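Could you take me on a walk through this structure? I have it open in my viewer and would like to know what to select next and what is there.

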Amino acid sequence: MSSDLVEVRREESRLVIVNKNVSRRNALSVPYYEALMHSVTEAEEDDSIRSIVLCSEGGYFCSGGDLNGLIKRRNMPIEDRSKSIDIFHNIIRGIRKLKKPVIAAVEGGAAGAGVSLAVACDFVVMDRAAKVSIAYVKMGLVPDGGATANLHSALPKQLLGELCMLGQPITADRLYGLGVVNAVTDADKVYSTACELADKIAASPARTIGNIKEMINAPTEQAFLDQLDRERDAMAFALGSEESTERIMAFLSKSKK
């Protein structure tokens, strides 16, 4: 499943997925979606795989969705916009359902759907200098990928509002203090720290780890799935709005200067 935009490799008991879309700050791409879905299925079926590690090249974890792709969806019927969002949401569902831990190695920072992907994981290791931003609002859009559901249980409502309604960035250290991040370290140690976590997981009984993950998610699973649907419907509507088109086009025009 490797390509110019993504690499999948096996390291001992770890399956490592590397986002290589460096020119777009590792924005999500179709090859990356396909690699994630394939890897989750492979991990489900292969008992020798004990964990999945998500990382990126180029010093930045993920800038979220490709804005050029979002603009193209504007003229789709709302049903088709919803289906396109569900491609990402099915990956998030797969990560949560997989009875093996998924670890995000967040170097540099993350934005938008990149944050949604990171906080959907079971463990998050971050570069201490990194910041994350859920600034969909600046594009006239709403968070998707389960960001509001995953962060609602971890953050005070007021802080979540600050992140989502004002688009304010938040530091790795602050997220660590709030319990959203498992470890913060220097940028050049983020990946190795994530691998150390994976090795600890591999040293524990596989079925026990799977059962624990299932029990951790079970009490909130239906509420999470319902919130995914709310996010999808709100995002599908927002993608067709004039204000999102104007804001995305203005941002793209500015970024080209």
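Begin with the aromatic rings: the count comes to 1 aromatic pair. Here, rings of Phe, Tyr and Trp (its six-membered ring) pair if their centres lie within 6.5 Å, and planes under 30 degrees apart count as stacked, over 60 as edge-to-face and the rest as tilted. Before you go on, note that this is a predicted model, in which local features need pLDDT of at least 70, side-chain atom pairs count only at pLDDT 80 or more, and totals for chains, interfaces and linings use all residues. Residues are numbered from 1 along each chain as its sequence is written, and side-chain values use heavy atoms, with hydrogens and water left out.

Stay with the rings and select Arg25 and Tyr60: Arg25 lies over the face of Tyr60, 3.7 Å from the ring centre. Then pick Arg96, which lies over the face of Phe224, also at 3.7 Å from the ring centre. A charge sits over a ring if NZ of Lys or CZ of Arg is within 6 Å of the ring centre and within 35 degrees of the ring normal.

Next, select residues 14-19, strand β2 (strands, E, of at least two residues, and helices, H or I, of at least four, are DSSP runs numbered from the N terminus). Of its 6 residues, 6 are buried (under 20% relative accessible area, 1.4 Å probe, protein chains only; exposed is over 50%, partly exposed in between). Arg14, Val16 and Val18 point one way from β2, while Leu15, Ile17 and Asn19 point the other way.

Which strands are joined to β2? Show residues 6-11: this is β1, antiparallel to β2 and joined to it by 6 bridges. Two strands pair if DSSP finds at least two bridges between them. Look for Glu11 opposite Arg14, and for Glu12 in the hairpin, with a positive phi near 55 degrees. Now show residues 51-56, strand β3, which runs parallel to β2 with 6 bridges; Ile52 there is the bridge partner of Leu15.

For the last stop, select residues 113-120, helix α4. Why is α4 largely enclosed by the rest of the structure? Because 8 of its 8 residues are buried; among them are Gly114, Ser116 and Leu117. Add the open sheet of 3 strands, in the order β5-β7-β8 with mixed pairing. β5 (109-111) and β8 (170-171) stand at its edges, each with a single partner strand, so one side of each is left without a neighbour in the sheet. Finally, find Lys131 opposite Thr171 in β8.
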